[in-house]
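Welcome, and thanks for opening the viewer. Please keep the selection panel at hand, and we will go from stop to stop together.

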Number of protein chains: 4
Amino acid sequence: MIVAELSMITMGTGTSASRYVRAVHQVLKESGLKFVPSPMCTVVEAGSMAEIFKAVEKADDVLAGMGVGRIITSIKIDHRLDKEISIETKMGAIKE
Amino acid sequence: MIVAELSMITMGTGTSASRYVRAVHQVLKESGLKFVPSPMCTVVEAGSMAEIFKAVEKADDVLAGMGVGRIITSIKIDHRLDKEISIETKMGAIKE
Amino acid sequence: MIVAELSMITMGTGTSASRYVRAVHQVLKESGLKFVPSPMCTVVEAGSMAEIFKAVEKADDVLAGMGVGRIITSIKIDHRLDKEISIETKMGAIKE
Amino acid sequence: MIVAELSMITMGTGTSASRYVRAVHQVLKESGLKFVPSPMCTVVEAGSMAEIFKAVEKADDVLAGMGVGRIITSIKIDHRLDKEISIETKMGAIKE
């Protein structure tokens with residue numbers, strides 16, 4: 001598994017972004033990927049980078065379709081090759 | 001309130017980082033700041049940037065004291081001036 | 001155009017990363033995309049997100065082939081829909 | 001030395017940000033810290049994290065004074081403890 005965090009900041013749309021965050025979450029729901037909203041980003045789990053990138057491109061299209069003039073997308077990917085990881089194992093590893 | 005996400009990647013310490021993440025969480029606990037671990041970062045809430053930066057400097061010292069040879073620290077800060085925010089309000093705003 | 005910044009941190013490979021940064025630059029060279037190395041990341045220009053993602057997936061494969069055990073990839077994309085941007089226009093816009 | 005990259009995204013101020021980027025660069029100039037603008041961020045060099053954080057707090061104040069309603073600040077810090085680094089050495093290390 002690959003675990004990633006995604007944030008898409010919309011510029012030119014005022015200071016509130018929740019409407020656009022919910023639209024991105026709708027894209028992730030339709031993609032079938034497991035995701036967990038967090039206060040500063042959305043954590044996504046996928047079998048490959050390609051699956052994550054496909055969802056991000058779709059989300060970008062949706063935001064563009066909502067009339068957003070500038071989209072700053074940040075993606076951070078944890079790709080572990082020496083052992084299997086998931087949202088669960090990463091949270092379990094840092095428990096006291 | 002200011003809400004931020006923090007991640008501190010240790011290089012030269014193998015592929016596992018959980019020992020170091022727990023050490024950073026211990027610093028945050030001692031700082032009295034509210035924080036929420038998440039799979040890709042730790043979300044922190046504070047009254048000012050200065051409070052967050054003070055905790056980050058302390059965490060950097062602790063990791064250095066653990067013998068880490070290179071520390072890549074990423075901080076992302078949401079500073080809203082037009083209304084009060086917190087970890088709760090940001091999570092509430094994106095609920096369906 | 002889309003302008004992005006890319007950084008790929010290798011874990012489990014000691015504190016030096018330049019060998020791996022050069023390998024990523026070789027992938028970008030072969031992709032034909034315009035890129036500009038900078039001290040903390042590499043700036044890439046492309047016609048679409050898909051072109052950038054394709055190069056990132058290839059770079060990830062190359063690093064895995066070099067025996068890297070964990071790869072933390074950060075991508076930040078500036079997608080402007082209200083006007084054409086490039087590495088040049090973005091640098092020109094901030095000149096005094 | 002510590003090398004960092006800084007980006008401050010202003011929300012609620014339209015799609016253009018160059019006016020605000022130039023204001024941040026003015027703060028960095030007055031701080032005396034060495035900095036290099038790049039298309040996606042500004043690279044800063046300092047003797048300590050504290051010096052960087054002080055400049056970021058000042059830049060945040062200046063943007064707030066310009067009436068910005070929401071500021072998303074991203075800071076990424078490379079703190080190397082096993083050898084001295086600078087903007088020059090980091091660029092030199094990745095030359096072919």
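## First stop: a pair of rings

Start by selecting Phe53(A), which counts as buried because its relative accessibility is 2%. Keep in mind that what you are looking at is a predicted model.

Now add Phe53(C), which is buried too, at a relative accessible area of 1%. How many aromatic pairs does the structure hold over all chains? There are two, and you have one of them on screen: the ring centres of Phe53(A) and Phe53(C) lie 3.9 Å apart with the planes at 0°, so this pair is stacked. Show the backbone as well, and you can follow the pair across a chain boundary, from helix H2 (residues 49-65) of chain A to helix H2 (residues 49-65) of chain C.

## Second stop: the other pair

Next, select Phe53(B) and Phe53(D). These two rings form a stacked aromatic pair, with 3.9 Å from centre to centre and 0° between the planes. This pair also crosses between chains, running from helix H2 (residues 49-65) of chain B to helix H2 (residues 49-65) of chain D. Are these rings buried or exposed? Phe53(B) counts as buried at 1% relative accessibility, and Phe53(D) is buried with a relative accessible area of 2%. The cut-off behind that word is a relative accessible area under 20%.

## Third stop: the helices that carry the rings

Stay with chains B and D and show H2(B) and H2(D) as cartoons. Two packed helices are described by the angle between their axes and the distance between the axes. Here the axes of H2(B) and H2(D) come within 11 Å and cross at roughly 165°. Angles over 145 degrees count as roughly antiparallel, and H2(B) and H2(D) are therefore roughly antiparallel to each other. Their crossing is right-handed.

To see the contact itself, turn on side chains. From H2(B), select Met49(B), Ala50(B), Phe53(B), Val56(B), Glu57(B) and Asp60(B); they meet Met49(D), Ala50(D), Phe53(D), Val56(D), Glu57(D) and Asp60(D) of H2(D).

## Fourth stop: a helix pair inside chain B

Hide chain D for a moment and select helix H1 of chain B, residues 18-31. The axes of H1(B) and H2(B) come within 9 Å and cross at roughly 140°, and these two helices are therefore oblique to each other. H1(B) passes H2(B) in a right-handed crossing.

Which residues make this contact? On the H1(B) side, pick Tyr20(B), Ala23(B), Val24(B), Val27(B), Leu28(B) and Ser31(B). On the H2(B) side, pick Ala55(B), Lys58(B), Ala59(B), Val62(B) and Leu63(B).

## Fifth stop: how the copies are related

Bring chain D back. Chain B superposes on chain D with an RMSD of 0.0 Å after a rotation of 180° and 0.0 Å of shift along the axis. That is the relation of a two-fold axis. To find where chain B comes closest to this rotation axis, select Ile75(B), whose C-alpha is 2.6 Å from it. The copies meet through the same surface, because 100% of the interface residues of chain B are also interface residues in chain D.

Then switch to chains B and A. A turn of 180° with a shift of 0.0 Å along the axis lays chain B on chain A, with an RMSD of 0.0 Å. For this axis, the nearest C-alpha in chain B belongs to Ser38(B), at 3.7 Å. Here too, 100% of the interface residues of chain B are interface residues in chain A, so these copies meet through the same surface.

## Last stop: chain A on its own

Finally, display chain A alone. Chain A has three helices and four strands, in the order β-α-β-β-α-β-α from the N terminus. Its C-alpha trace spans about 40 × 30 × 20 Å along the principal axes. Of its 96 residues, 59% are buried. Among contacts in chain A with a separation of 6 or more, 71% join residues 24 or more positions apart.

End on Asp60(A), found in helix H2 of chain A and counted as buried at 3% relative accessibility. What does Asp60(A) touch, leaving out residues up to four places away in sequence? Select Met8(A), Ile71(A) and Thr73(A), then show chain C again for Met49(C) and His79(C). As a check on distance, Ile77(A) is 17 residues from Asp60(A) in sequence and 18 Å from it in space, C-alpha to C-alpha.

Conventions: Residues are numbered from 1 along each chain as its sequence is written. Chains are lettered from A and ligands numbered from 1 in the order in which they are written. This is a predicted model: local features need pLDDT of at least 70, side-chain atom pairs count only at pLDDT 80 or more; totals for chains, interfaces and linings use all residues. Side-chain values use heavy atoms; hydrogens and water are left out. Rings of Phe, Tyr and Trp (its six-membered ring) pair if their centres lie within 6.5 Å; planes under 30 degrees apart count as stacked, over 60 as edge-to-face and the rest as tilted. Buried means under 20% relative accessible area, exposed over 50%, partly exposed in between (1.4 Å probe, protein chains only). Copies are superposed by least squares on the C-alpha atoms of residues with pLDDT of at least 70 in both. Contact means heavy atoms within 4.5 Å. Axes are lines fitted to C-alpha atoms, for helices over the stretch in contact, and angles run from 0 to 180 degrees between N-to-C directions. Angles under 35 degrees count as roughly parallel, over 145 as roughly antiparallel, 65 to 115 as roughly perpendicular and the rest as oblique. A crossing is left-handed if the near helix is turned anticlockwise from the far one by less than a right angle, and right-handed if clockwise.
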